[in-house]
Amino acid sequence: MKISYNWLKQYISPIPSPEETSKILTSIGLEVESLEEFESVKGGLKGIVVGEVLTCVKHPNADKLSVTTVNLGNGAPVQVVCGAPNVRAGQKVPVATVGTVLYNGDESFTIKKSKIRDEVSEGMICAEDEIGLGHSHDGILILDPSAIPGTPASEYFKVESDFVMEIGLTPNRIDAASHFGVARDLAAYLAQSQKVELKFPDLSRFKSDNNSLSIPVEVLNHEACIRYSGITISGVEIKSSPEWLKNRLNAIGLKSINNVVDITNFVLHETGQPLHAFDADEISGNKVVVRTLAEGTHFTTLDEAVRKLSSEDLMICNANEGMCIAGVFGGARSGVKNETKNIFLESACFSPVHVRKTARRHMLNTDSSFRFERGSDPNITIPALKRAALLIKELAGGSISSGVVDVYPSPVADFEVNLSFANVSRLIGQEIEKEKIKKILASLDIKIIEETSTDLKLHVAPYRVDVRREADVIEEILRIYGYNNIQIGETVHSSLSYINKPDKDKVVNLVSDLLSSNGFLEIMSNSLTKSAYYEQEAKADKQLVRISNPLSSDLNAMRKNLLFGALESLIYNINRKNANLRLYEFGNTYLLTEKLSENPHDKYFEESHLALLLSGDKHEANWNSPSSPSNFYQLKAFTELILKRLGFNTEALKMATTQSGYFSEGLDINLNNKTLVSFGKVSKDHCNRFDIKQDVWFADFNFDFVMKELKKHTTRFVGLPKYPEVKRDLSMVLEKTVTFDEIRNASLKAEKKLLKNIVLFDVYEGDKIAAGKKSYAISFILRDDEKTLTDQQIEKIMGNIAHMLEKETGAQIRS
């Protein structure tokens with residue numbers, strides 16, 4: 001939010017320098033992110049003065065140039081070569097002296113002493129577009145004959161210089177979303193050390209001139225429209241705004257439109273109260289009705305877009321149709337036009353919830369909706385209306401042709417807060433004098449209704465929507481008292497905390513380091529997602545946690561998995577020519593269960609997951625290593641790597657064909673009949689929804705289950721083996737249906753103590769063995785931790801293993 005220093009100082013006196021004001025505002029919670037100088041004319045016309053053309057003769061060496069002598073009011077005249085056809089002796093003109101910088105948009109150039117066709121030129125007689133005062137380049141700008149030579153052009157043209165502060169306004173401080181709101185906060189701080197006058201614009205001159213144009217107002221939805229005020233002004237003249245008003249708006253980045261619209265924008269940024277001016281002659285039936293319209297009604301807004309209304313959208317209507325989306329955006333027909341003569345001026349207070357829903361529904365974000373969404377002041381509607389009416393009467397003529405119409409059936413009461421002096425000291429950590437507290441409260445417009453030796457009963461005005469509790473009031477006291485005035489204590493208070501093992505944060509960091517060192521990049525996706533992703537899954541759709549007041553249709557549900565966020569990141573990178581990716585993400589997923597419970601929270605289930613995604617090539621191709629695409633076995637290797645690093649015995653885990661509907665092929669790794677991780681190839685249907693043409697491999701760890709199982713793990717030290725291990729190989733022919741898992745189980749059944757590892761190192765299927773058969777070559781690693789194995793022991797063990805394999809799997813041992 002931009003705040004003009006010149007504008008601000010109209011409401012507070014005295015006011016510190018712009019730099020000091022910025023520091024104070026930052027210290028009291030209105031952080032000034034930048035302070036920039038603003039000039040109503042770029043460059044401020046520095047170096048340009050009023051000159052008098054004394055002589056003007058034709059250039060001896062150029063038909064279209066003139067040689068002039070110009071009095072600059074500082075001594076001897078200077079010679080200036082001029083190419084304008086309208087230059088004459090006796091004229092008063094703007095002259096850019098040597099060293100002056102002139103601007104043309106973002107470009108600039110410096111006036112230098114030079115020779116033009118052998119004639120010396122010490123300056124430049126300027127046209128209006130050359131100094132930023134207009135767009136004409138037909139000739140030089142001729143000034144009033146009374147202009148005094150040597151007068152700075154900035155003084156002659158009354159160029160305004162200002163400082164603009166960019167304030168990073170937090171959502172809770174909508175009371176400071178105006179110049180007067182900022183002045184009010186600044187005055188509260190300054191009042192603690194000096195006498196300060198806070199001045200709201202004088203409204204004593206306001207009165208109704210006649211009652212010639214009375215437009216009644218009917219509010220049919222008091223929940224959405226808390227207060228509605230209006231007035232008519234007749235006989236106005238729509239024209240350009242005066243320079244002072246243009247400068248005020250330009251300083252904060254607003255373009256001037258016309259005098260009436262500019263006034264409504266001015267009052268909005270002055271008081272924080274949005275206004276809307278209607279062409280009164282376009283109000284059919286001479287009546288304003290605040291109501292909703294039928295679902296699907298078409299309405300054309302100011303931007304000429306045709307919008308389909310919801311039955312929940314509050315509208316400002318005439319007797320026949322809608323004129324404006326209340327608190328959000330005006331209509332194309334009812335707005336102020338150049339031909340407008342009569343105005344109905346609106347000042348209202350709308351429900352933040354209704355405005356927010358409507359603005360999000362139509363994807364609109366305006367200055368008005370910004371304020372109404374956060375809560376506007378119901379007590380400022382009439383003062384803002386009177387302020388705007390007086391300005392319109394002053395700048396656009398006409399007369400106030402009705403009394404103020406004010407529909408306010410249920411006035412908003414002040415917030416009541418009880419404040420304990422003891423709690424002030426306890427929360428702030430330092431005792432503040434009671435009189436100081438009361439002085440701060442008074443400066444913040446917080447009224448003391450009752451007072452005892454220990455407590456205060458307070459009334460807080462409705463414009464402070466964020467001050468409703470005792471803690472909020474204490475924060476306000478601290479803000480104005482000054483955070484830097486709180487002393488740092490000499491004692492340190494600490495407590496020991498017990499963390500259940502394993503520490504989840506440490507486990508997450510361990511896995512993150514492992515994956516990052518293997519070329520993975522961490523992503524963080526939004527927990528809010530599209531419900532449309534799950535519409536094709538009946539069960540998933542029922543389990544979906546929907547947002548009742550979504551920001552948009554793209555963020556209208558809580559994510560049920562991490563897959564779709566990863567696919568969004570993948571296609572974002574693919575579209576930017578970065579197709580070879582390894583991604584991982586830790587995040588929560590959310591489900592709606594069918595559990596019956598009196599506690600509504602029991603219906604919702606939240607679970608922590610870890611996702612891996614591989615896509616594209618394993619690595620970039622180079623001269624000695626061709627590229628190869630990511631595949632299932634690469635993903636399986638990374639999946640098992642994580643489990644091994646966390647201490648899981650991967651050989652003891654059970655694998656089965658995945659039950660997940662997100663994969664076209666894949667496996668589940670199960671432990672105790674529960675899925676620990678699912679991984680595989682993402683189905684084409686899901687890839688096509690994101691326009692992803694390449695294969696995508698995805699793994700989904702149930703991280704809550706991982707953490708639960710880690711609690712059962714114990715870590716103990718095992719020394720290095722003292723005795724050597726022995727490797728023996730067996731080749732066998734098996735039925736194709738026999739799995740390696742069956743071979744391993746049978747081998748361990750034959751020798752459990754000394755058999756340390758089993759490795760499959762070769763598989764053959766072909767015409768050299770019988771149909772339906774396959775050949776396995778397997779290494780068996782043997783070791784005794786107490787002594788060296790003898791040949792007799794080894795042969796006996798291998799014989800037992802061979803016999804068990806023949807018995808259990810029907811293997812034909814070949815060697």
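**Exercise 1. The pocket lining**

How many nonpolar, polar and charged residues does the lining of the largest pocket have, by class? Work from the predicted model.

*Solution.*
- Start with the space. The largest pocket holds about 820 Å³.
- Next, take the lining as a whole. It has 31 residues, and Lys560, Ser660, Tyr662, Ser678 and Asp700 lie nearest the centre of the pocket.
- Now sort by class. The lining has ten nonpolar, twelve polar and nine charged residues.
- Then trace the elements. Helices α14 (538-543) and α17 (684-689) each supply at least two lining residues. So much for helices; strands that each supply at least two include β33 (581-592), β34 (604-615) and β36 (663-671).
- Finish with the top contributor. Strand β37 gives the most to this lining, with five residues.

**Exercise 2. Looking for disulfides**

Find how many disulfides the model has, and explain the result for Cys82 and Cys317.

*Solution.*
- Set the cut-off. Two cysteine sulfurs must lie within 2.5 Å.
- Test Cys82. Its closest cysteine sulfur is in Cys56, 7.3 Å away, which is too far for a bond.
- Test Cys317. Its closest cysteine sulfur is in Cys324, at 9.4 Å, again too far for a bond.
- Give the count. There are zero disulfides.
- Add the surroundings. Cys82 is buried, with a relative accessible area of 3%. Cys317 is buried too, at 0%.

**Exercise 3. Backbone exceptions**

Locate the cis peptide bond at Pro14 and the positive phi values of Arg117 and Lys577.

*Solution.*
- Recall the background. Most residues other than glycine have a negative phi, and most peptide bonds are trans.
- Take the peptide bond. From Ser13 to Pro14 it is cis, with omega near -10°. Pro14 sits in the loop between β2 (12-13) and α2 (18-27).
- Take Arg117. Its phi is positive, near 55°, and it is not a glycine. Arg117 belongs to the loop between β10 (114-116) and β11 (119-121). Arg117 is exposed, with a relative accessible area of 52%.
- Take Lys577. Its phi is about 65°, also positive in a residue that is not a glycine. Lys577 lies in the loop between α15 (563-574) and β33. Lys577 is exposed, at 79% relative accessible area.

**Exercise 4. The nonpolar cores**

Which residues of the largest nonpolar core touch the most other members?

*Solution.*
- Begin with the general pattern. In soluble globular proteins, nonpolar side chains tend to be buried together.
- Name the residues. The largest core has 76 residues, and Leu25, Leu419, Leu441 and Ile477 touch the most other members.
- Find the main source. Helix α9 (residues 381-396) supplies the largest share of this core, nine residues.
- Look for another core. One of 33 residues lies apart from the largest core, and its members include Leu213, Val219, Tyr228 and Leu293.
- Zoom in on Leu25. Leaving out residues up to four places away in sequence, Leu25 touches Leu30, Glu31, Val32, Met165, Ile167, Val182 and Leu186.

**Exercise 5. Helix α8**

Which residues of helix α8 (residues 367-374) are buried?

*Solution.*
- List them. Ser368, Ser369, Arg371, Phe372 and Glu373 are the buried residues of α8.
- Find their partners. These buried residues pack against α6 (259-271), β24 (342-350) and α7 (352-361).
- Check the end of the helix. Just after α8, Gly375 takes a positive phi of about 105°.

Methods:
Residues are numbered from 1 along each chain as its sequence is written. This is a predicted model: local features need pLDDT of at least 70, side-chain atom pairs count only at pLDDT 80 or more; totals for chains, interfaces and linings use all residues. Side-chain values use heavy atoms; hydrogens and water are left out. Buried means under 20% relative accessible area, exposed over 50%, partly exposed in between (1.4 Å probe, protein chains only). On a 1 Å grid over the protein atoms alone, a cavity is a set of points where a 1.4 Å probe fits but cannot get out, and a pocket is an open set with protein on both sides within 12 Å along at least five of seven lines; lining residues have an atom within 4 Å of a point. Grid points are joined across faces, edges and corners, and a volume is the space filled by probe spheres set on the points. Helices (H or I, at least four residues) and strands (E, at least two) are DSSP runs, numbered from the N terminus. Ala, Val, Leu, Ile, Met, Phe, Trp, Tyr, Cys and Pro count as nonpolar, Asp, Glu, Lys and Arg as charged, and the others, Gly among them, as polar. A nonpolar core is a set of buried Ala, Val, Leu, Ile, Met, Phe, Trp, Tyr and Cys residues joined through side-chain atoms within 4.5 Å. Contact means heavy atoms within 4.5 Å.
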